[in-house]
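Reader: Could you take a close look at one part of this structure and then work outward from there, saying for each residue you name where it sits and how far it is covered?

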Amino acid sequence: MQKVIAGVLAILLLVVSGTTTVFAAENSEQTPSGIAYSDLEKHIEDYIDVRKETTSSVSVTVFNGTDDILSVIYGDANTKDNIRADKDTVYEWGSISKMFVWTSVMQLCEREKIDLNADVRNYLPDGFLSNLSYKEPVTMLHLMNHTAGFQETVWDVEVTDKEKIISLKDALLSTAPAQIYEPGRVVSYSNWGAALAAYTVECVSGMDYADYVRKNIFEPLGMERTAIRPDCSDNTWVESQREKTNAYYNVQGEYEDYGECRRYILLYPAGSAAGTMSDLVRFAKAFLQDSSECPLFTQPDTLAEMLSPTLNFSGTDTPRICHGLFSQRYGVSLIGHAGNTTGFSANLVIDTEGGTGIVVMTNEVGETAYNYGLVSLVYGDCKAETEFTYDDLSGIYLNSRANFKNSFTKLYSMISGLLPISKGETEGSFTAAMVGTVTQISKDACVMDDGNGLKTYLSIQRDDNGNVVALQHMTGMDFQKENLMLFVIKIIFFFLFVLSSLWMFPMLIVHGITLHKFKQTGIWKNKVYQLLAELFMVLASILIYWLILPPLMGASLAKEQVIVKCMMIIILSLAEAAVLVLGIFGSRDKKLTKKGLRQRTGLIVTRISGIVLIASVLYWRFYQFWGC
């Protein structure tokens, strides 16, 4: 009878307010933030009500052990077709999918088929890892801790045509990034590294990764409404339901309907899972069970081992990563993983000490108000300490994940991976450009707040002299402090190229139009050569911008296009160099008339611009297109 009453109430709430709430039990317990379970529904509804004008849909479940405290579903899965979000709505889970990789690895570890500290090449085909730069072997633990040293791949990892989906092995080979850090030294979140771990599962188990996950995770947990392949082809029900959900961009008054927004991720173990809220909650609850009763493992201590720290923040005993799961600082310590795709955002965190957890899912790209704000609502914010000396955190920081050291991708670090932090109005407060505020809360930590729900714990890393050298993010990256003088030099050099290239565009047009005026003069040949030099530089600059701008706007690169463009840049640069070496810019007119001086000045500027182009091609290594 209670289930019938609860079902009727759920339907009435859905019709009246678009919000479905189901309580598993009435009790006097409260959340770590101090909200009684009986009042949590009202708090979440109020939280949504303030933001409903900029909400597409949000699904949230808070649970205690194996019991739901409440489940709330609000908004539209598809506004255009008037489809309300409900318990059957399928969301993309993004990087939460990696939790299946790490669970699979721990299963094989307890069967003694994988040694977390062994060279991962022991489990892979001979010669598979050809992109290593250091002698130190890459281990599975490095992959779990995101310390294998790989830079983010710049190659296409998504396709929009199902026919272009390739095997996991081929996807790894075709998108292999450079290894830019010595293993174990720097935390740099890597989708490619997680996919490599999944391929290792394939090699060790002898099963296709998706089949392995279905047999060893989905079936034991009864997850019947989850797909893991890029096109959801491993679950026809999920595939059909996914077609009913649209994705949206809905931030600060800007709104866009992305439609169905299907992107097929070739490195699919790193972020392709899709399914219902109930299935993701079912998976999350497995991590709150007694270690000896968890259906995911056969050995009584494996779950406890998986939830134990494998990496601490530098110089502290504060856990950072637990076998692939991120240890997060809120009012209490949490463990979990968030995920983002082209049109969806989700978050899963659990409090292993208190035995509770929360799962949040939205059909909005880059959503933070719910995915992180609701975590703060339930678990509170990281508490500030007193009586400590504040650090000067101001400076230019480089995101380790957006750091590129090989080929022309070095330019991406200069443009997209920077975090400038400046002093705020009060001691211990700082402003992070385009991110929000940073506030030091203890001797060794600060919190970055984007003002829209996302409050990120950052551990302060110092050198032997006590100087701040990095801010370590709680979810898989380091913000490394740059040498200000070297940074300024690189910026000046980059902007010299930008200014030179922009200058050449109008000069090419002007000199092209006025060239005929010099046909009967002694500088005719010089003007022709000048025009050619400007043409070479304009064409090379267009190709350079064509290479560096799309990735900054979220696009990826295709290897064939990169090779062609880089070769053309090299050819044009050599032609430019030939013009400079031949010294064809020197004017034969020795009379320094005002007009002649103007012509000489133009020739000198063109020469300098050509030198800047050639220097940029060499410094930014456009010739090293094979090393991306």
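Author: With a relative accessible area of 37%, L539 counts as partly exposed, and this value, like every other one below, belongs to a predicted model. The residue sits in helix 14, which spans residues 524-552. L539 is one of the contributors to a nonpolar surface patch of about 510 Å², which is made by Y529, L532, L535, L539, I542 and W546. L539 can contribute to such a patch because its relative accessible area of 37% passes the cut-off of over 30% that patch residues must meet.

From this helix we can turn to the sheet. A closed barrel of 8 strands follows the order 18-19-20-21-22-23-24-25, and its pairing is antiparallel. On average, and with direction ignored, neighbouring strands of this sheet are turned by 30 degrees against each other.

Within the barrel, strand 21 can be followed from one end to the other. Strand 20, made of residues 429-432, runs antiparallel to strand 21, made of residues 436-442, and 4 bridges join the two. At the end of this pairing, A432 has G436 of strand 21 as its bridge partner. The two strands form a hairpin with 3 residues between them, and in the turn M434 takes a positive phi of about 60 degrees. On its other side, strand 21 is joined by 5 bridges to strand 22, residues 445-449, again in the antiparallel sense. Here S442 is paired with A445 of strand 22, and the hairpin that leads from strand 21 to strand 22 passes through 2 residues. As for cover, 5 of the 7 residues of strand 21 are buried, so the rest of the structure largely encloses this strand. As background to reading such a strand, side chains in a regular strand alternate between the two faces of the sheet.

The barrel strands also take part in charged contacts. D392 and K423 meet through their side chains in a salt bridge, with 3.9 Å from N to O. Because D392 lies in the loop between helix 11 (373-379) and strand 18 (395-399), while K423 belongs to strand 19 (residues 418-423), the pair ties together parts that are 31 residues apart in sequence. D392 is partly exposed at 39% relative accessibility, whereas K423, at 57%, counts as exposed. A network of salt bridges with shared partners joins D391, K443, D444 and R462.

In total, the structure holds 23 salt bridges, and two further examples can be set beside the one just described. In one of them the side chains of D76 and R84 meet at 2.8 Å from N to O; D76 is buried, with a relative accessibility of 15%, while R84 is partly exposed at 35%. In the other, E182 pairs with R185, the closest N and O atoms being 3.4 Å apart; E182 is partly exposed at 31% and R185 is exposed at 61%.

A hairpin can also be described for strands 8 and 9. Strand 8 (residues 247-251) and strand 9 (residues 254-259) pair in the antiparallel sense over 5 bridges, and V251 stands opposite E254 of strand 9. This hairpin has 2 residues between its strands, and Q252 takes a positive phi near 50 degrees there.

Turning to covered regions, helix 9, which spans residues 277-286, has 8 of its 10 residues buried. Among the buried residues are the charged D279 and K285, alongside M277, L280, V281 and F283. H146, which lies in the loop between helix 4 and strand 6 (158-159), is also buried, since its relative accessibility is 2%. Leaving aside residues up to four places away in sequence, H146 touches V186, V187, S188, Y189, S190 and F326.

Finally, S133 offers an example of a loop residue with some exposure. It lies in the loop between helix 3 (98-110) and helix 4 (140-145), and it counts as partly exposed at 49% relative accessibility. The C-alpha atoms of S133 and Q179 are separated by 5.7 Å, although the two residues are 46 residues apart along the chain.

Key. Residues are numbered from 1 along each chain as its sequence is written. This is a predicted model: local features need pLDDT of at least 70, side-chain atom pairs count only at pLDDT 80 or more; totals for chains, interfaces and linings use all residues. Side-chain values use heavy atoms; hydrogens and water are left out. Two strands pair if DSSP finds at least two bridges between them. Helices (H or I, at least four residues) and strands (E, at least two) are DSSP runs, numbered from the N terminus. Axes are lines fitted to C-alpha atoms, for helices over the stretch in contact, and angles run from 0 to 180 degrees between N-to-C directions. Buried means under 20% relative accessible area, exposed over 50%, partly exposed in between (1.4 Å probe, protein chains only). Patches are made of residues with over 30% relative accessible area and no salt bridge: like charges are joined within 9 Å, nonpolar side chains (Val, Leu, Ile, Met, Phe, Trp, Tyr) within 5 Å. Accessible areas come from the Shrake-Rupley method with a 1.4 Å probe; for residues, only the protein chains shown count as cover. A salt bridge is a side-chain nitrogen of Lys or Arg within 4 Å of a carboxyl oxygen of Asp or Glu. Contact means heavy atoms within 4.5 Å.
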